[in-house]
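Reader: I would like to know on what grounds the terms used for this structure rest. Please take them one by one.

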Amino acid sequence: MKLTFLGATETVTGSKYLLESANQKILIDCGLFQGRKELRLRNWGVLPIKSININAVLLTHAHLDHSGYIPKLVNLGFSGSIYCTEATYDLCKILLPDSGYLQEEDANAANRHGWSKHHPALPLYTEEEAKNSLQYFRPIAFGQSYNLHDELSFSFHRAGHILGASFIRLNNGQTNILFSGDIGRLHNPVMKPPAQIQEIDYLVLESTYGNRLHDKDDPIDDIEKIVLQTINRGGTLLIPSFAVGRAQILLYYFYILKQEKRIPDVPIYLDSPMAIDATELLHKHMNDHRLSYEECKSVCTIPQYTRTTEESKAINKNNIPKIIISSSGMATGGRILHHLKHYLGDSKNTILLSGFQAEGTRGDRLARGENEIKIHGNMWPVKAKIIKLDNMSAHADYGEILIWLKNFRKPIKKVFITHGEIEAAQSLKQKIEKEFKWEVVIPTYMQTEEL
């Protein structure tokens with residue numbers, strides 16, 4: 001087999017790996033590049049392989065940095081099958097059309113206001129094109145072995161990151177390789193833990209937090225403190241949130257805090273149609289998480305849902321203290337931008353960054369303490385209190401990854417470190433080499449390896 005790294009190399013986004021066997025060309029993940037402009041431009045570049053020649057796509061999970069390029073791939077001629085778990089398919093039915101819609105909206109706004117250097121500005125794909133790509137999805141169950149061809153089979157194994165997230169194991173009868181996708185936390189209060197895999201030859205391993213340990217403090221205590229401080233100032237707590245995964249665990253924490261009467265009964269808004277739909281999927285996929293039916297029901301009724309644009313705008317018309325959860329999680333687009341424009345300039349308010357912020361995103365610039373942020377072509381002063389929590393991540397830190405790696409019964413021939421900034425990747429490489437004495441490689445963009 002031959003493996004080519006088409007994304008998530010020395011950066012966190014754009015996951016794409018081309019695996020070639022004698023008669024098959026398989027794409028594992030098909031994600032969008034996000035963050036710095038030079039990375040985002042890769043979304044518009046030419047793939048090194050014609051889409052029509054790809055036999056199948058296997059998805060680790062639904063987040064756009066792993067799935068968001070699929071509509072473009074279909075537009076370029078791909079007509080094979082896209083395999084994923086049931087929950088991943090349900091989430092992609094939400095995420096991909098929303099991604100197309102937002103790209104159309106951003107292009108239209110850029111054309112109206114002259115924000116883009118391109119005339120006219122165009123979306124990478126449309127909402128309709130994203131919906132069209134869904135016909136190629138073929139969901140299958142965790143643990144089921146599926147033959148792609150006589151020589152090649154694969155199976156999905158629970159990764160614990162978000163609903164449906166999986167490790168993907170491929171086997172050609174002689175060699176097997178595991179793609180980690182995003183590895184979840186070992187003790188996430190909502191998601192079930194990652195599966196213990198015991199024997200593989202090669203591993204493609206994420207390293208988002210390869211150089212960091214998560215804060216051991218309970219996030220619920222930190223959130224309680226932040227809410228009380230903000231409300232006592234008469235301010236609003238605004239949380240940029242990933243619509244899938246992060247929004248649901250935030251709602252779980254607010255459910256606990258309200259149930260235990262640790263925070264006042266202030267309004268909580270979930271201002272993201274995508275996050276609302278993803279939250280409602282908790283009921284459908286009860287086997288994917290730890291919550292009981294009653295807990296699930298209670299968590300889903302904590303916030304006020306704002307589906308329409310008019311409802312979203314109405315949130316900012318009242319000045320009472322409140323909590324707003326809105327996407328996107330790195331403040332790269334979506335409704336959160338309109339809320340940031342409204343709340344950034346007032347020192348009474350708090351902006352809580354609850355997840356990983358890729359280099360170059362607005363969330364990253366806020367975390368770094370920049371005094372003004374560009375939104376919709378204008379600069380907006382930052383006077384609100386900016387807080388970043390490092391104990392809420394849905395990604396395993398390096399300590400948890402090392403614990404997970406100890407499940408393997410025999411040495412892995414080679415580990416490929418991806419999905420991390422270069423410092424994180426290098427740090428995890430050194431830790432694995434020291435702990436296990438395995439060969440570890442940090443591939444570069446377009447690097448090819450013979451397995």
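Author: The questions below take up a sheet, a helix, cavities and a pocket in turn; the model is a predicted one.

Reader: How do you know that strand β12 and strand β15 pair?

Author: Two strands pair if at least two bridges are found between them. Strand β12, residues 237-240, and strand β15, residues 323-326, are joined over four bridges in the parallel sense, so the pair meets the cut-off of at least two bridges. Within this pair, Pro240 stands opposite Ser326 in β15.

Reader: What is the order of the strands in the open sheet?

Author: The sheet has six strands with parallel pairing, in the order β14-β13-β15-β12-β16-β19.

Reader: Why do β14 and β19 stand at the edges?

Author: Each has a single partner strand, so one side of β14 (304-305) and one side of β19 (385-388) are left without a neighbour in the sheet.

Reader: What makes helix α11 a helix that packs on the sheet?

Author: Contact means heavy atoms within 4.5 Å. Helix α11, residues 336-343, touches β12, β13 (268-271), β15 and β16 (350-353), and its direction makes about 145° with that of β12.

Reader: How does the reach of helix α8 stand against the expected value?

Author: The expected span is 1.5 Å times one less than the number of residues. Helix α8 (residues 273-284) has 12 residues, for which 16 Å is expected. From first C-alpha to last, α8 reaches 17 Å, which is close to that value.

Reader: Which residues of α8 are called buried, and what covers them?

Author: Buried means under 20% relative accessible area. In α8 the residues that meet this are Met274, Ala275, Ile276, Ala278, Thr279, Leu281 and Leu282. Their cover includes α4 (86-113), α7 (246-259), β13, α9 (293-300) and β14.

Reader: Why is a space called a cavity, and how many cavities of 30 Å³ or more are there?

Author: A cavity is a set of points where a 1.4 Å probe fits but cannot get out. The structure holds three of 30 Å³ or more, and the largest has a volume of about 130 Å³. Its lining has 16 residues, with Ile162, Met191, Gly245, Arg246 and Gln248 nearest the centre. α7 gives the most to this lining, three residues.

Reader: What makes the second largest pocket a pocket, and how much space lies in it?

Author: A pocket is an open set of points, so the term differs from a cavity, where the probe cannot get out. About 840 Å³ of space lies in the second largest pocket. Among the 30 residues lining this pocket, Tyr101, Leu102, Glu105, Arg335 and His338 are the closest to its centre. The largest share of its lining, 10 residues, comes from α4.

Technical notes. Residues are numbered from 1 along each chain as its sequence is written. This is a predicted model: local features need pLDDT of at least 70, side-chain atom pairs count only at pLDDT 80 or more; totals for chains, interfaces and linings use all residues. Side-chain values use heavy atoms; hydrogens and water are left out. Axes are lines fitted to C-alpha atoms, for helices over the stretch in contact, and angles run from 0 to 180 degrees between N-to-C directions. Buried means under 20% relative accessible area, exposed over 50%, partly exposed in between (1.4 Å probe, protein chains only). On a 1 Å grid over the protein atoms alone, a cavity is a set of points where a 1.4 Å probe fits but cannot get out, and a pocket is an open set with protein on both sides within 12 Å along at least five of seven lines; lining residues have an atom within 4 Å of a point. Grid points are joined across faces, edges and corners, and a volume is the space filled by probe spheres set on the points.
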